[in-house]
Amino acid sequence: PPAVERSPKQGAKDFADLGRRRWREGKLAEAEKLLARAAREGKGRVAELAYGDLFSLTRQRDRLAARSRYWREYLRRYPAGRFAGDARAGLCRAAAGDRKVACWEDYLARHADGAYASEAREAVEGAQP
């Protein structure tokens with residue numbers, strides 16, 4: 001996709017809006033690039049919603065490695081953000097071996113009543129001898 005240049009008047013919200021428009025048009029690679037820029041350059045609600053869109057878009061594009069990278073970025077910036085539980089659960093599902101169990105234990109410590117708590121408990125209890 002073409003490079004996304006910034007005009008002096010463009011900000012993160014502009015990139016997010018354009019990214020969503022490109023997504024609707026089916027220009028998925030360009031949409032991802034724009035939303036990633038909005039997520040990284042934005043603050044607060046604009047950035048968080050751009051990350052949320054990235055999670056959905058990368059799922060649609062079947063890009064687990066990219067989605068995992070965005071989950072980690074999001075959690076570094078917003079450890080208690082609106083998508084923190086979803087991001088942690090996604091990372092746990094993608095983890096392997098002992099890292100998977102440790103990830104779910106961390107999830108339970110942070111989100112004991114979260115949407116994925118039963119899945120986390122099953123993973124932790126299933127790993128115990």
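These are my notebook entries on a predicted model of a protein.

**Entry 1: the overall picture**

I began with the whole chain and counted its elements: the protein has 7 helices and 0 strands. Read from the N terminus, the order is α-α-α-α-α-α-α. I then looked up the overall dimensions, and the C-alpha atoms fill a box of roughly 60 × 25 × 20 Å along the principal axes. The accessible surface is about 7,500 Å², and carbon and sulfur atoms hold 49% of it.

How much of the protein is buried? I found that 43% of its 129 residues count as buried. I also looked at contacts with a separation of 6 or more, and 41% of these join residues 24 or more positions apart.

**Entry 2: helix 1**

Next I followed helix 1, which covers residues 12-24 and so has 13 residues by the program's count of DSSP runs. From its first C-alpha to its last I get 18 Å, close to the 18 Å expected at 1.5 Å a residue.

Which residues of helix 1 are buried? My list reads Ala 12, Phe 15, Ala 16, Leu 18, Gly 19 and Arg 22. Among the parts that cover them are helix 2 (28-41) and helix 3 (44-60). Just after helix 1, I noted that Gly 26 has a positive phi of about 85°.

**Entry 3: helix 5**

Then I moved along to helix 5, residues 84-94. Here 8 of the 11 residues are buried, so this helix is largely enclosed by the rest of the structure. I wrote the buried ones down: Ala 84, Gly 85, Ala 87, Arg 88, Ala 89, Gly 90, Leu 91 and Cys 92. Their cover includes helix 4 (64-77) and helix 6 (97-110).

**Entry 4: charges**

Today I turned to the charged side chains. I counted 28 positive and 19 negative ones, and the centres of the two sets lie 6 Å apart. The structure holds 13 salt bridges, and I picked three to look at in detail.

A reminder to myself before I start: an α-helix has 3.6 residues a turn, so residues three or four places apart point the same way.

**Entry 5: three salt bridges**

My first pick was in helix 1, where Asp 17 and Arg 20 sit 3 residues apart, about one turn of the helix. Their side chains meet in a salt bridge at 3.6 Å, N to O. Are these two buried or exposed? Asp 17 has 29% relative accessibility, and because buried means under 20% and exposed over 50%, Asp 17 counts as partly exposed. Arg 20 is also partly exposed, at 23%.

My second pick was in helix 2, where Glu 41 and Arg 37 are 4 residues apart, which is about one helical turn. Their salt bridge spans 2.8 Å, N to O. Glu 41 is partly exposed, with 34% relative accessibility.

My third pick was in helix 6. Arg 110 and Asp 106 form a salt bridge at 3.0 Å, N to O, and they too are 4 residues apart, about one helical turn. Arg 110 is partly exposed at 47% relative accessibility, and Asp 106 is partly exposed at 32%.

Which residues are joined into one network by salt bridges that share partners? I found Lys 13, Asp 17, Arg 20 and Asp 53 in it. That brought me back to the pair from helix 1, Asp 17 and Arg 20.

Note on methods: Residues are numbered from 1 along each chain as its sequence is written. This is a predicted model: local features need pLDDT of at least 70, side-chain atom pairs count only at pLDDT 80 or more; totals for chains, interfaces and linings use all residues. Side-chain values use heavy atoms; hydrogens and water are left out. Helices (H or I, at least four residues) and strands (E, at least two) are DSSP runs, numbered from the N terminus. The expected span of a helix is 1.5 Å times one less than its number of residues. Buried means under 20% relative accessible area, exposed over 50%, partly exposed in between (1.4 Å probe, protein chains only). Contact means heavy atoms within 4.5 Å. Accessible areas come from the Shrake-Rupley method with a 1.4 Å probe; for residues, only the protein chains shown count as cover. Lys and Arg count as positive and Asp and Glu as negative; His and the chain ends are not counted. The place of a charge is taken as NZ of Lys, CZ of Arg, CG of Asp or CD of Glu. A salt bridge is a side-chain nitrogen of Lys or Arg within 4 Å of a carboxyl oxygen of Asp or Glu.
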